[in-house]
Amino acid sequence: MAVKRAAVGLVLLAGLAAAAGSALLAWQRGLQDATPPSAAPVSLERGAYLVAVGNCAGCHTARGGARLAGGRPIPTPFGIAFSPNLTPDATGLAGWRADDFWRALHFGQGRDGRLLLPAHPITNTSLVSREDADALHAWLQAQAPVAAPRREHQLRGLYGSQLAIAAWRALYFRPGVYRPDPARDAAWNRGAYLSQGLAHCSACHAGRDALGGDQGAADFRGGLLAGLGWVAPSLHDPAEAGVQRWTPEALQRWLRDGQAEGHSALGPMAEVVLGSTAALDAADRAAMGAYLRALPEQAVARPEPAEPSPRRRERGAGLYREHCAACHGEHGEGRHDDGGAPAYPALAGSRIVTQASAANLLRVIERGGFAPATPGHPRPYGMPPFAGVLAPEDLAALASHLRQSFGHQAGEIDAVEVLRLRAAAH
């Protein structure tokens with residue numbers, strides 16, 4: 001229903017914002033002519049590093065497809081978008097000049113002048129410096145071309161039209177490179193540039209409205225990832241994904257290895273660690289950590305939990321003993337391997353268990369938990385999926401037990417909530 005209301009709203013807004021969109025495009029074209037290429041020498045090594053930190057392959061590589069050849073489906077609330085080919089083939093970036101690539105990153109405009117879908121994180125890539133954009137372009141142009149024709153987006157109604165995109169941009173997008181904050185030190189500013197720009201953290205961690213708009217590249221309020229069924233938790237709330245109270249060393253290990261202090265990166269964040277933050281050099285990792293630790297703390301509003309049910313709790317305790325205790329411990333304390341290293345994470349005190357939304361906990365139970373295999377943690381233990389074992393009532397009972405045991409007070413959920421969150425994953 002929300003998407004239908006958004007559809008009607010977008011049709012109305014399209015007409016109202018068309019003139020504003022045209023004016024914005026004219027302004028952008030004027031800026032394009034005033035943005036010269038970088039005078040710095042272009043380094044392919046630098047370009048390779050930036051491609052890794054930006055996790056370009058994460059979206060631009062289809063499962064089973066050639067690296068960076070595009071075609072990966074990107075779920076949105078308005079349908080499916082497909083990523084384009086970034087290799088220098090005629091179906092990709094062949095013939096693209098550095099100016100063309102800069103225009104795509106900075107203004108969200110293709111070589112043919114058409115506006116890119118907001119599924120491309122233009123709010124973030126607009127902040128990338130011209131020097132970094134030129135290095136990215138040079139490295140991509142040096143790769144082997146792969147023929148991979150563009151797949152047509154599968155978007156509903158007018159959402160893929162240039163008019164609708166122009167209306168969206170008039171409401172939510174203003175191009176502009178990152179401007180250092182003179183009140184902050186160099187490390188904080190470098191971390192802000194990486195987090196807001198190239199690494200595009202807010203592409204997932206922003207809080208979005210019905211039209212997919214956010215509050216800018218520094219919006220880290222968190223929200224549901226449409227079509228995936230995972231929640232990108234708030235980076236402002238230490239009870240969600242905030243790291244303000246972590247030590248710098250623990251946060252840097254987590255960014256590098258995907259595991260630290262009992263915390264493991266799972267789901268979409270495991271892909272981010274594997275494809276992006278694990279590639280950060282020591283200085284950039286420390287800078288990103290400094291920025292994230294300095295984000296202001298703000299608690300997430302928590303919904304009213306389901307009505308407590310002793311029967312549900314009893315059923316959940318039995319399911320935990322049957323399926324979970326052997327690995328996670330009778331009291332959720334976790335297990336270590338024979339060498340003393342963490343093997344199965346503790347559930348007592350786990351933020352994925354106690355987050356305001358039970359979505360991520362349910363995704364892990366249903367689909368399994370798999371941390372990224374990184375150089376610092378090359379053989380992580382995995383958790384098998386239980387989607388074919390547990391019915392919605394059982395999932396609600398087990399999740400409720402976890403959220404109300406081991407000192408937790410996160411609130412129960414019922415089978416209706418399980419089905420609602422499952423529907424968000426399709």
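**Notes on a predicted model**

1. Two bridges connect strand β2 with strand β3, and the two run antiparallel. This is a predicted model, so read each point below as a statement about a prediction. One pairing in this stretch is easy to find: the bridge partner of I80 in β3 is Q154.

2. Now look at the other neighbour of β2. Strand β1 covers residues 73-76 and strand β2 covers residues 79-82. Four bridges join them, again in antiparallel fashion. Take P75 as a marker: its bridge partner in β2 is I80. I80 is thus named in two pairings, with P75 and with Q154.

3. How many residues lie between β1 and β2 in their hairpin? There are two. Trace the chain from β1 into β2 and you will pass through them.

4. Put the pieces together. The three strands make an open sheet, ordered β1-β2-β3, with antiparallel pairing. β1 and β3 (154-155) are the edge strands. Each has a single partner strand, so one side of each has no neighbour in the sheet.

5. Step back to the whole chain. The secondary structure amounts to 18 helices and eleven strands. The radius of gyration is 22 Å, close to the 22 Å that the globule rule gives for 426 residues, so the chain is as compact as a globular protein of that length. Along the principal axes, the C-alpha atoms fill a box of roughly 65 × 50 × 45 Å.

6. Next, contacts and burial. Of the 426 residues in the chain, 49% are buried. Consider the contacts with a separation of 6 or more: 65% of them link residues 24 or more positions apart.

7. What about the surface? The chain exposes about 20300 Å². Carbon and sulfur atoms supply 58% of that area.

8. Charges come next. The chain has 41 positive and 38 negative charges. How far apart are their mean positions? The two are 5 Å apart.

9. Finally, one residue to inspect: A282. This residue is found in helix α12, which spans residues 282-293. Is A282 buried or exposed? Its relative accessibility is 51%, and the cut-off for exposed is over 50%, so A282 counts as exposed. Then locate R256, which is 26 residues from A282 along the chain. The C-alpha atoms of the two are separated by 9.2 Å.

Methods:
Residues numbered from 1 in each chain as written. Predicted model: local features only at pLDDT ≥ 70, side-chain atom pairs only at ≥ 80, totals over all residues. Heavy atoms only, no water. Rg over C-alpha atoms; globule rule 2.2 N^0.38 Å. Buried < 20%, exposed > 50% of the residue type's maximum accessible area, 1.4 Å probe, protein only. Contact = heavy atoms within 4.5 Å. Areas by Shrake-Rupley, 256 points an atom, 1.4 Å probe, with all protein chains shown as cover. Lys, Arg positive; Asp, Glu negative; His and termini not counted. Charge placed at Lys NZ, Arg CZ, Asp CG, Glu CD. Pairing = 2+ DSSP bridges.
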